[in-house]
Amino acid sequence: MTIRLLLISLLFTFGFRSDNPVAIKKLGAKNIFFTSDPMGNLYIARGENLEKYDANGNLIRTFSDKTLGQISAIDATNPLRVVLFYRD
């Protein structure tokens, strides 16, 4: 159910490019959340890991800081300075 919701959200985030939308990539994980920036990049948080994907679903970069704990929110409104928030 969460994977279907994620794929539907991805389609609305990047827009429909044809009459028959096709899933680019399936992400088989639970307890993840995501956001996108104005340039069309997708940021996915899985625990303390952050992954950045381009508009085609290719992994660009990963980030992890185990000392701060799990990521609780991502602010990607400025794609040149992505801000991560952690719980206390």
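These are my notebook entries on what I looked up in this predicted model.

**Entry 1: the overall plan**

I started with the whole chain and found one helix and six strands. Reading along the sequence, I wrote down the pattern α-β-β-β-β-β-β. I then asked what share of the residues is buried. Of the 88 residues, 22% count as buried. I also noted the surface: the chain exposes about 6,400 Å², and carbon and sulfur atoms supply 53% of that area. For contacts between residues at least 6 apart in sequence, I found that 30% join residues at least 24 apart.

**Entry 2: the sheet**

Next I wanted to know in which order the strands of the open sheet lie. Four strands build this sheet in the order S1-S2-S3-S4, with antiparallel pairing. Strand S1 (33-36) and S4 stand at the edges with a single partner strand each, so one side of each has no neighbour in the sheet. On average, neighbouring strands here are turned by 20° against each other, direction ignored. A reminder to myself: strands of a sheet pair through backbone hydrogen bonds, in either a parallel or an antiparallel way.

I zoomed in on one pair. S3 and S4 run antiparallel and share five bridges. To have a spot to click on, I picked Lys52, whose bridge partner in S4 is Arg61.

**Entry 3: Asn41**

Then I looked up Asn41, which sits in the loop between S1 and S2. Is Asn41 buried or exposed? Asn41 is buried, because its relative accessible area is 11% and the cut-off for buried is under 20%. I listed what Asn41 touches, leaving out residues up to four places away in sequence: Thr35, Ser36, Lys52, Tyr53, Asp54 and Ile60. Lys52 turns up in this list, and I had already met Lys52 as the bridge partner of Arg61.

**Entry 4: Ile74**

My next stop was Ile74, in strand S5 (residues 71-75). Ile74 counts as buried because its relative accessibility is 14%. Which residues is Ile74 in contact with, setting aside its neighbours within four places in sequence? I found Phe33, Thr35, Tyr43, Ala45, Leu50, Val82, Val83 and Leu84. Thr35 is on this list and also on the list for Asn41. I checked one distance too: the C-alpha atoms of Ile74 and Tyr86 are separated by 9.2 Å, and these two residues are twelve apart along the chain.

**Entry 5: salt bridges**

Last, I asked how many salt bridges the structure holds. There are two.

One joins Glu51 and Arg46, with the closest N and O atoms 3.1 Å apart. Glu51 counts as buried at 15% relative accessibility, whereas Arg46, at 23%, counts as partly exposed.

The other joins Glu48 and Lys66, and here the closest N and O atoms are 3.2 Å apart. Glu48 lies in the loop between strand S2 (42-46) and strand S3 (49-53), and Lys66 lies in the loop between strand S4 (59-64) and S5, so this pair ties together parts that are 18 residues apart in sequence. Glu48 counts as partly exposed at 23% relative accessibility. Lys66 is exposed, because its relative accessible area is 59% and exposed means over 50%.

Technical notes: Residues are numbered from 1 along each chain as its sequence is written. This is a predicted model: local features need pLDDT of at least 70, side-chain atom pairs count only at pLDDT 80 or more; totals for chains, interfaces and linings use all residues. Side-chain values use heavy atoms; hydrogens and water are left out. Helices (H or I, at least four residues) and strands (E, at least two) are DSSP runs, numbered from the N terminus. Buried means under 20% relative accessible area, exposed over 50%, partly exposed in between (1.4 Å probe, protein chains only). Contact means heavy atoms within 4.5 Å. Accessible areas come from the Shrake-Rupley method with a 1.4 Å probe; for residues, only the protein chains shown count as cover. A salt bridge is a side-chain nitrogen of Lys or Arg within 4 Å of a carboxyl oxygen of Asp or Glu. Two strands pair if DSSP finds at least two bridges between them. Axes are lines fitted to C-alpha atoms, for helices over the stretch in contact, and angles run from 0 to 180 degrees between N-to-C directions.
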